[in-house]
Amino acid sequence: MFENLESFEEAFKKLLEEVLEFDLNDPFKDVEKVLCIEPHPDDCVIGMGGTIKKLTERGIEVIYACMTDGYMGTLDSSLTGHELATIRRREEEESSKLLGVKKIYWLNYRDTELPYSREVRKDLVRIIRKEKPDGVFLPDPWLPYEAHPDHRNTGFLALDAVAFSPLPNFSNVDVEIGLGPHQVSFIALYYTNKPNYFVDITDVMELKLKAIRTHKSQFPDDVWEVWEPFLRTVALFYGKKAGVKYAEGFRIMPGLFYHITPFADLI
Ligand SMILES: [Zn+2]
């Protein structure tokens, strides 16, 4: 069916639609469970809280994996890192409940020090094999000017884990303890400047802000004065691209597109 195709455009369209059956009009159509991977305890809600609420309302199970303990996230020198980590865990449990999330994996790496390592990659592969999500959400590690190494490392580690979780000889102790290989059907990058899919969150924007504000240690009044306008501006930025008021933007890609594909940025 491909030998008679003359142009790249024709082949590209056929590959996406007929071979991969990839439909960006409704990428969550047959989805039952997704895993959202976050560097810190407030990143899922900031990056995609509105979408999470919409997914759980549709009966889709949303699970978090939080990579670090949030130990460094304060300017208050009277608060120890240990105290803060305990507070932030509680805040995340409360915030995620507002969005309908029932399960969080805590990997507990030290905030600001998440290593890009085999060990962390294996941790994530094990979670993917255990939960068998249809899709994995992760922060876009190619976001221009992203300065936080935990964010860049989380994105790359999550991509590695998605690539390796189907390989039975990778971390084969998982297979020995009954966790079979698993291939997710899509990845979705949040915190992205190259979105190809938008979720209209206009009707849940206020709830999203409330769920973000549940992270009280991160958003005292003086911080919120800056962050509320910032968060609304981000939602308006994606909303403008989507033709709605407030939106969240994602870069969604099928499996074949995140390895050796020179036209991955065209979808
Ligand atoms: Zn973060």
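User: Which ring does the charged end of Arg110 sit over?
Analyst: Good place to start! Keep in mind that this is a predicted model. The charged end of Arg110 is 3.6 Å from the centre of the ring in question. That ring belongs to Tyr71.

User: Which arginine lies over the face of Tyr116?
Analyst: Here the distance to the ring centre is 5.2 Å. A charge counts as sitting over a ring if, among other things, it is within 6 Å of the ring centre. The residue lying over Tyr116 is Arg121.

User: Which residue does Arg121 meet in a salt bridge?
Analyst: The N to O distance in this pair is 2.9 Å. The pair links distant parts of the chain, with Arg121 in helix α4 (residues 118-131) and its partner in helix α5 (residues 149-164), 39 residues apart. Both side chains belong to buried residues. The partner is Asp160.

User: How many residues apart are Arg129 and Asp174?
Analyst: The side chains of Arg129 and Asp174 meet in a salt bridge, at 3.1 Å from N to O. This pair also links distant parts of the chain: Arg129 is in helix α4, while Asp174 is in helix α6 (residues 173-176). Arg129 and Asp174 are both buried. Along the chain, the separation is 45 residues.

User: Why are Arg89 and Glu93 separated by about one helical turn?
Analyst: These two residues form a salt bridge, and their closest N and O atoms are 3.9 Å apart. Both lie in helix α3 (residues 81-98). They are separated by about one turn because their spacing in that helix is four residues.

User: Is Arg89 buried, exposed or partly exposed?
Analyst: Its relative accessibility is 36%. Buried means under 20% and exposed means over 50%, so a value in between has its own class. Glu93, the salt-bridge partner of Arg89, has a relative accessible area of 33% and falls in that class too. Arg89 therefore counts as partly exposed.

User: Which residues are linked with Lys33 in a network of salt bridges?
Analyst: Let's look beyond the pairs. Across the structure, the count comes to 17 salt bridges. In the network with Lys33, the linked residues are Lys103 and Glu131.

User: Which residues coordinate the zinc ion?
Analyst: The donor atoms lie at 2.1 to 2.8 Å from the zinc ion. In sequence, the donor residues are spaced H-x2-D-x107-H. The aspartate appears twice in the list of donors, each time through OD, while the histidines donate through ND1 and NE2. The residues are His40, Asp43 and His151.

User: What is the geometry of the zinc site?
Analyst: The angles among the four donor atoms run from 51 to 145°. A tetrahedral site would need all angles between 85 and 135 degrees. As for the surroundings, His40 and Asp43 are both buried. The site of the zinc ion is irregular.

User: How many aromatic pairs does a search of the whole structure find?
Analyst: One of them is Phe28 with Tyr197, which is edge-to-face, with 5.6 Å from centre to centre and 90° between the planes. Phe28 is in the loop between α1 (8-19) and β1 (33-38), and Tyr197 is in strand β6 (residues 197-200), 169 residues apart. The search of the whole structure finds 18 aromatic pairs.

User: Is Tyr197 buried or exposed?
Analyst: Its relative accessibility is 14%, and for Phe28 the value is 3%. Under 20% means buried, so Tyr197 counts as buried.

Methods. Residues numbered from 1 in each chain as written. Predicted model: local features only at pLDDT ≥ 70, side-chain atom pairs only at ≥ 80, totals over all residues. Heavy atoms only, no water. Salt bridge = Lys/Arg side-chain N within 4 Å of Asp/Glu carboxyl O. Helix = DSSP H or I, 4+ residues; strand = E, 2+ residues; numbered from the N terminus. Buried < 20%, exposed > 50% of the residue type's maximum accessible area, 1.4 Å probe, protein only. Donors = N, O, S within 2.8 Å, 3.2 Å for Na, K, Ca; no water. Tetrahedral: all angles 85-135°; square planar, octahedral: opposite > 155°, others 65-115°. Phe/Tyr/Trp six-rings, centres within 6.5 Å; stacked < 30°, edge-to-face > 60°. Lys NZ or Arg CZ within 6 Å of the ring centre and 35° of its normal.
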